[in-house]
Amino acid sequence: MQHWSLIFVLLFLILLVTPFTFKFRLTFDAMKNYGVFTFKIFNFKVKFATFKFTKLAIIITSGNKKPKISEIELSVSKEQIVYVQELINQFKDKVKVRNLFFASRLGTNNAFETAMLSACLNELVCGAFAFVKNFKQTCSISISCAPVYDKKSLLFVLNTAFAISIYDLIYCFIFAAIRKWRFKKNEKRL
């Protein structure tokens, strides 16, 4: 009977260390001022939202057709800043970036400007992705910057897939909380 209980322990440990894949997709058409954000876990859509920019705000619509307009005031303490900084540092080490994909469709009515703009954007994105590739060597990168010569167009698509295990996720949150607690303790001493 003991070997059956060990199977459940083994399954729990495998689940704890198996990395879960998250996918993030951001699409923005600047000519129409319309963007779409999609977040998936195991190819199941978790979050879907549309957004657009106004003069001083970003209007985000998720699910319902009528967006709620509300102002968000942020007040951040030093402890929260330390917590977020440490959490970001831990995630940089633990998250495994699986792939990065960027596509753009740029167009002006001038063929020379379109070609130059498309080439410059391609080089900027290649440089940014190369920087990521220095730290995450297993990441696969794909870039498609296509010029559109016959009309004005400004469309961007960013797809990413990354993975992290539950164990690493728990470790990151606990380590960041400990750093916050130490910072708070040192602040009280001073």
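**Entry 1. Cysteines**

I began with Cys120, which is partly exposed, with a relative accessible area of 45%. The model I am reading is a predicted one. I then asked how many disulfides a search of the whole structure finds. The search returned 0 disulfides.

I wished to know why Cys120 has no such bond. Its closest cysteine sulfur is in Cys145, and the two sulfurs are 11 Å apart, which is too far for a bond. A disulfide would need the two sulfur atoms to be within 2.5 Å.

I looked up Cys172 next and asked whether this residue is buried or exposed. Cys172 has 0% relative accessibility and therefore counts as buried. For the sulfur of Cys172, the closest cysteine sulfur belongs to Cys139, at 18 Å, again too far for a bond.

**Entry 2. The nonpolar core**

I noted that Cys139 and Cys145 both belong to the largest nonpolar core, which has 9 residues. The other members I wrote down are Val97, Leu100, Phe102, Leu106, Leu121, Val125 and Phe129. Strand S5 (96–107) and helix H3 (111–135) each supply at least two residues of this core. Which of the elements gives the most to this core? I found that S5 does, with 4 residues.

I also listed the contacts of Cys139, leaving out residues up to four places away in sequence. Cys139 touches Val97, Arg98, Asn99, Leu100 and Lys133.

**Entry 3. Thr114**

I located Thr114 in helix H3. Its relative accessible area is 1%, so I recorded Thr114 as buried; the cut-off for buried is under 20%. The side chain of Thr114 makes a polar contact of 2.8 Å with the side chain of Thr108. Apart from residues up to four places away in sequence, Thr114 touches Leu106, Gly107, Thr108, Pro147, Val148 and Tyr149.

**Entry 4. Aromatic rings**

I turned to the aromatic side chains and noted a count of 10 aromatic pairs. For Tyr171 and Phe175 I asked why the pair is called stacked. The ring centres are 5.8 Å apart and the planes of Tyr171 and Phe175 stand at 25 degrees, so the pair is stacked. The angle for stacking has to be under 30 degrees.

Tyr171 and Phe175 both lie in helix H4 (residues 166–189). Being 4 residues apart there, they are separated by about one helical turn. I checked the accessibility of each: Tyr171 is partly exposed at 34%, and Phe175 is partly exposed at 28%.

Elsewhere I recorded one aromatic cluster formed by Phe22, Phe39 and Phe162. I also examined Tyr83, whose ring has the charged end of Lys180 sitting over it, 5.8 Å from the ring centre.

**Entry 5. Glu86**

Phe175 came up again when I looked at Glu86, a residue of helix H2 (residues 78–94). Is Glu86 buried or exposed? Its relative accessibility is 10%, so Glu86 counts as buried. Not counting residues up to four places away in sequence, Glu86 touches Phe175, Ala176 and Arg179.

**Entry 6. Asn33**

My last entry concerns a backbone angle. Asn33 is not a glycine, although it has a positive phi of about 55 degrees. I asked where Asn33 is found. Asn33 lies in the loop between strand S1 (19–29) and strand S2 (34–41). With a relative accessible area of 27%, Asn33 is partly exposed.

Technical notes
Residues numbered from 1 in each chain as written. Predicted model: local features only at pLDDT ≥ 70, side-chain atom pairs only at ≥ 80, totals over all residues. Heavy atoms only, no water. Core = buried A, V, L, I, M, F, W, Y, C linked by side-chain atoms within 4.5 Å. Buried < 20%, exposed > 50% of the residue type's maximum accessible area, 1.4 Å probe, protein only. Contact = heavy atoms within 4.5 Å. Polar contact = N/O pair within 3.5 Å; in protein donor to acceptor, adjacent residues only side chain to side chain. Phe/Tyr/Trp six-rings, centres within 6.5 Å; stacked < 30°, edge-to-face > 60°. Lys NZ or Arg CZ within 6 Å of the ring centre and 35° of its normal.
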